[in-house]
Amino acid sequence: MEVIDIIRDLAIILIIAKVFGLIAKRLGVPQVVGEIIAGLLIGPNILGLVSGSDYLNVSAEIGVILLMFMAGLTTNLKELIRSGPMALVTACVGVFVPLVGGTLLYSCFYGFSAIGTEEFFKALFMGTILTATSVSITVETLKELGKLDTRIGTVITGAAIIDDVIGIIVLTFVIGLKDSSSSSVGSVLLDTLLYIVFCATIGVAIYFIFKKIDKRAPHHRRIPIMGLALCLAMAYIADHYFGVADITGAYVAGILLCNLPDSKYINEKMDVSSYMFFGPIFFASIGIKYVFDDIDAELILFSVGFVLVGLLSKIIGCGLTAKAFKFKWNDSIKVGVGMMTRGEVALIVSQKGLEVGLLDERYFTAVIMLILVSSLLTPICLKLLFKHDEKKAALGGGSDQPKLESQTESVNG
């Protein structure tokens, strides 16, 4: 492919992806959905303006790495500590139930396979896609309702952060098991454990080095440049030396720097590259690569089941956990509903599965449908649940909110 053709394709992708992203935002849908639809439109399936290329694939991979680095940078460790055991247990159950649910759904449609076979890992990967929570839409909704600082808001935010960390660990483990170079579960566990030890050891040194540089030259451009270099280095080390997914390394790099005074400054600089170039290319590339030819009645039925399992597994898993921590039923449902959104992480996990042969392109239909439906339903359902409480209180039926506010005060100290 000629260089001039690549330049033309990039111009088309950036313009159309951003236009559709803004339209999606106006409609109350995540911009990534609009960018994926843009990829479908300009790809070989419809207009044929852009076709897949090696350069596009490499740019999309860099986009994934940057997105995960930024996700790590925006992790609030203080929030994790504050939310404590409740958020941790909620996140663990909120990962386990969707993982099992997605695996069983795939197996019911395409047959139960023996553990260790390729089909078994494909089933397990469908469950892995369902594990991560995209809490950005929920956070915006809770802000709008004035409930972000309540006990419910704290638990949802903390659990969602932990949820993504566990989801990446599950992804790393599943890919490691599938890899033919991994002779046993024990070797995968050992590689993962060694990587954790490596990160914990080198992480302390990296943090203090960056903190010292940050103190000497605050808000200097060298900080984000060195942060980007760390991100790429950690991604390479994770994949090349430990057999761990490169996006895991990028995420860890972000975690290492998230407590720096200039972490927001680093994130802002990274966001320029990601928002303007690599991010749109990544999400549009998903649509460009997608093929409509494989859509049939069975796939549509599976996609509907995938959406239902994705939504209900979070409501059941996280909701029942909240109930076990003595939340009232309506508040437990709010926690479950707040955790059911999916977004960028689900797409990143799906893309990684496509690269390693654990996911067929045709199943992007189910993933995109889940993101769209959960993004639309979550804010609507949360608003209805909170309004129901307000109406109940106005009619003299009582409300959980006073109790929740007092509990929040005790949590915040």
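Biologist: Why does Val64 count as buried?

Modeller: In this predicted model, Val64 has a relative accessibility of 3%. Buried means under 20% relative accessible area, so Val64 counts as buried.

Biologist: Where is Val64 found, and which residues does Val64 touch?

Modeller: Val64 is found in helix H3, which covers residues 54–73. Not counting residues up to four places away in sequence, Val64 touches Ile247, Phe282 and Ile348. In addition, the C-alpha atoms of Val64 and Asp246 are 9.5 Å apart in space, with these positions 182 residues apart in sequence.

Biologist: What makes Ile348 buried?

Modeller: The relative accessible area of Ile348 is 3%. The limit for a buried residue is under 20%, and Ile348 is therefore buried. Ile348 has its place in helix H14. Beyond residues up to four places away in sequence, Ile348 touches Val64, Leu67, Met68, Ile247 and Phe282. Ile348 and Glu61 are 287 residues apart along the chain, and their C-alpha atoms are separated by 9.5 Å.

Biologist: What do the totals for the chain say about burial, contacts and helices?

Modeller: The chain has 413 residues, of which 53% count as buried. Among the contacts with a separation of 6 or more, 80% come from residues 24 or more positions apart. The chain holds 16 helices and zero strands.

Biologist: Why are H5 and H14 called roughly antiparallel?

Modeller: The axes of helix H5 (residues 118–129) and helix H14 (residues 344–356) cross at roughly 160°. Angles over 145 degrees count as roughly antiparallel, which makes H5 roughly antiparallel to H14. These two axes come within 9 Å, and H5 passes H14 in a right-handed crossing.

Biologist: Which residues make the contact of H5 with H14, and how are they classed?

Modeller: From H5, the contact is made by Phe125, Thr128 and Ile129, and from H14 by Ala346, Val349, Ser350 and Gly353. By class, this contact has four nonpolar, three polar and no charged residues. Gly counts as polar, so Gly353 of H14 belongs to the polar class.

Biologist: How do you know that H3 and H9 are roughly perpendicular?

Modeller: The axes of H3 and H9 come within 10 Å and cross at roughly 110°. Angles of 65 to 115 degrees count as roughly perpendicular, and H3 and H9 are therefore roughly perpendicular to each other. The crossing of H3 and H9 is right-handed. On the H3 side, Ile65, Leu66 and Phe69 make the contact, and on the H9 side, Gly227, Leu228, Cys231, Leu232 and Ala235. The classes in the contact of H3 with H9 are seven nonpolar, one polar and no charged residues.

Biologist: What describes the packing of H7 and H13?

Modeller: Two packed helices are described by the angle between their axes and the distance between the axes. For helix H7 (residues 151–178) and helix H13 (residues 329–338), the axes cross at roughly 35° and come within 10 Å. The crossing of H7 and H13 is right-handed. Ile152, Val155 and Ile156 of H7 make the contact with Asp331, Lys334, Val335 and Gly338 of H13. The residues of this contact divide into four nonpolar, one polar and two charged. Asp and Lys count as charged, so Asp331 and Lys334 of H13 belong to the charged class.

Biologist: What makes the phi of His219 notable, and why is His219 called exposed?

Modeller: Most residues other than glycine have a negative phi. The phi of His219 is near 55°, a positive value in a residue other than glycine. His219 is found in the loop between helix H8 (185–216) and helix H9 (222–242). Exposed means over 50% relative accessible area; His219 has 53% and so counts as exposed.

Biologist: Why does Lys326 count as exposed?

Modeller: Lys326 has a relative accessibility of 70%. The limit is over 50%, so Lys326 counts as exposed. Lys326 lies in the loop between helix H12 (297–324) and H13. Lys326 has a positive phi of about 70° although it is not a glycine.

Biologist: What makes Cys258 buried and Cys381 partly exposed?

Modeller: Cys258 has a relative accessibility of 7%, and because buried means under 20%, Cys258 counts as buried. Cys381 has a relative accessible area of 25%, which lies between the limits of 20% and 50%, so Cys381 is partly exposed.

Biologist: How many disulfides are counted?

Modeller: A disulfide requires a pair of cysteine sulfur atoms within 2.5 Å. By this rule, the count is zero disulfides.

Notes. Residues are numbered from 1 along each chain as its sequence is written. This is a predicted model: local features need pLDDT of at least 70, side-chain atom pairs count only at pLDDT 80 or more; totals for chains, interfaces and linings use all residues. Side-chain values use heavy atoms; hydrogens and water are left out. Buried means under 20% relative accessible area, exposed over 50%, partly exposed in between (1.4 Å probe, protein chains only). Axes are lines fitted to C-alpha atoms, for helices over the stretch in contact, and angles run from 0 to 180 degrees between N-to-C directions. Helices (H or I, at least four residues) and strands (E, at least two) are DSSP runs, numbered from the N terminus. Angles under 35 degrees count as roughly parallel, over 145 as roughly antiparallel, 65 to 115 as roughly perpendicular and the rest as oblique. A crossing is left-handed if the near helix is turned anticlockwise from the far one by less than a right angle, and right-handed if clockwise. Contact means heavy atoms within 4.5 Å.
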